[in-house]
Amino acid sequence: MCHAIKRLFCGMGVNPTVYELDQAGDPIAGKEMELALMRLIGASSAAALPVVFVGGKLVGAMDRVMASHINGTLVPLLKDAGALWL
């Protein structure tokens, strides 16, 4: 899922900052972050990850990002955050 989100953003000309929790130097800290993100979005399983923030604002999991892309609200959000110059 993370790969699909990265491809979406890169395909739009956005260079995302990505934190790979499963590749963290400290696996315990990565697991704690994963649990905190799941609580933040109200998810019961890690399947809800990745979680996307744009300009410090929570967008949500992949389903929310894709819905925002489809309904046209993702581009303005990226522009407002300074991540996209179209």
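Lysine 79 is placed in helix α4, which covers residues 74-80; helices here are DSSP runs of H or I with at least four residues, strands are runs of E with at least two, and both are numbered from the N terminus. The relative accessible area of lysine 79 is 39%, so this residue is partly exposed. The classes are buried under 20% relative accessible area, exposed over 50%, and partly exposed in between, with a 1.4 Å probe and protein chains only. Between the C-alpha atoms of lysine 79 and valine 54 the separation is 9.9 Å, with the two positions 25 residues apart along the chain counted as their sequence distance. The model is predicted, so that local features need pLDDT of at least 70 and side-chain atom pairs count only at pLDDT 80 or more, whereas totals for chains, interfaces and linings use all residues. Residues are numbered from 1 along each chain as its sequence is written, and side-chain values use heavy atoms, with hydrogens and water left out.Two salt bridges are present in the structure, a salt bridge being a side-chain nitrogen of Lys or Arg within 4 Å of a carboxyl oxygen of Asp or Glu. In general, side chains of opposite charge can pair when their charged atoms come close. One salt bridge joins lysine 6 to glutamate 20, with 3.0 Å between the closest N and O atoms. This pair connects distant parts of the chain, 14 residues apart, with lysine 6 in helix α1 and glutamate 20 in the loop between α1 and α2. Lysine 6 is partly exposed because its relative accessibility is 28%, and glutamate 20 is likewise partly exposed, with a relative accessible area of 28%.

The other salt bridge is formed by lysine 31 and glutamate 34, whose closest N and O atoms are 3.3 Å apart. Both residues belong to helix α2, where they are 3 residues apart, about one turn of the helix. Lysine 31 has 45% relative accessibility and therefore counts as partly exposed. Glutamate 34 has a relative accessible area of 16% and is therefore buried.

Helix α2 also contains isoleucine 41. With 27% relative accessibility, isoleucine 41 counts as partly exposed. The C-alpha atoms of isoleucine 41 and valine 75 are separated by 22 Å, and the two residues are 34 residues apart along the chain.

The largest pocket has a volume of about 760 Å³. Among its 26 lining residues, Thr17, Val18, Tyr19, Pro50 and Val51 are the closest to the centre. Pockets were sought on a 1 Å grid over the protein atoms alone, as open sets of points with protein on both sides within 12 Å along at least five of seven lines; a cavity is instead a set of points where a 1.4 Å probe fits but cannot get out, and lining residues have an atom within 4 Å of a point. Grid points are joined across faces, edges and corners, and the volume is the space filled by probe spheres set on the points. At least two lining residues come from each of α1 (2-11), α2 (27-41) and β1 (51-54). The lining comprises 19 nonpolar, 3 polar and 4 charged residues, where Ala, Val, Leu, Ile, Met, Phe, Trp, Tyr, Cys and Pro count as nonpolar, Asp, Glu, Lys and Arg as charged, and the others, Gly among them, as polar.

Leu40, Phe53 and Leu58 make a nonpolar surface patch of about 270 Å². Patches consist of residues with over 30% relative accessible area and no salt bridge, like charges being joined within 9 Å and nonpolar side chains (Val, Leu, Ile, Met, Phe, Trp, Tyr) within 5 Å. Accessible areas come from the Shrake-Rupley method with a 1.4 Å probe, and for residues only the protein chains shown count as cover. Phenylalanine 53 is located in strand β1 and counts as partly exposed, at 41% relative accessibility. Its C-alpha atom is 9.6 Å from that of valine 65, a residue 12 positions away in sequence.

Leucine 58 is in strand β2, residues 57-61, and is partly exposed, at 37% relative accessibility. Glycine 60 is also placed in strand β2, but counts as buried because its relative accessibility is 6%. The C-alpha atoms of glycine 60 and alanine 48 are 8.9 Å apart, with the two residues 12 residues apart along the chain.
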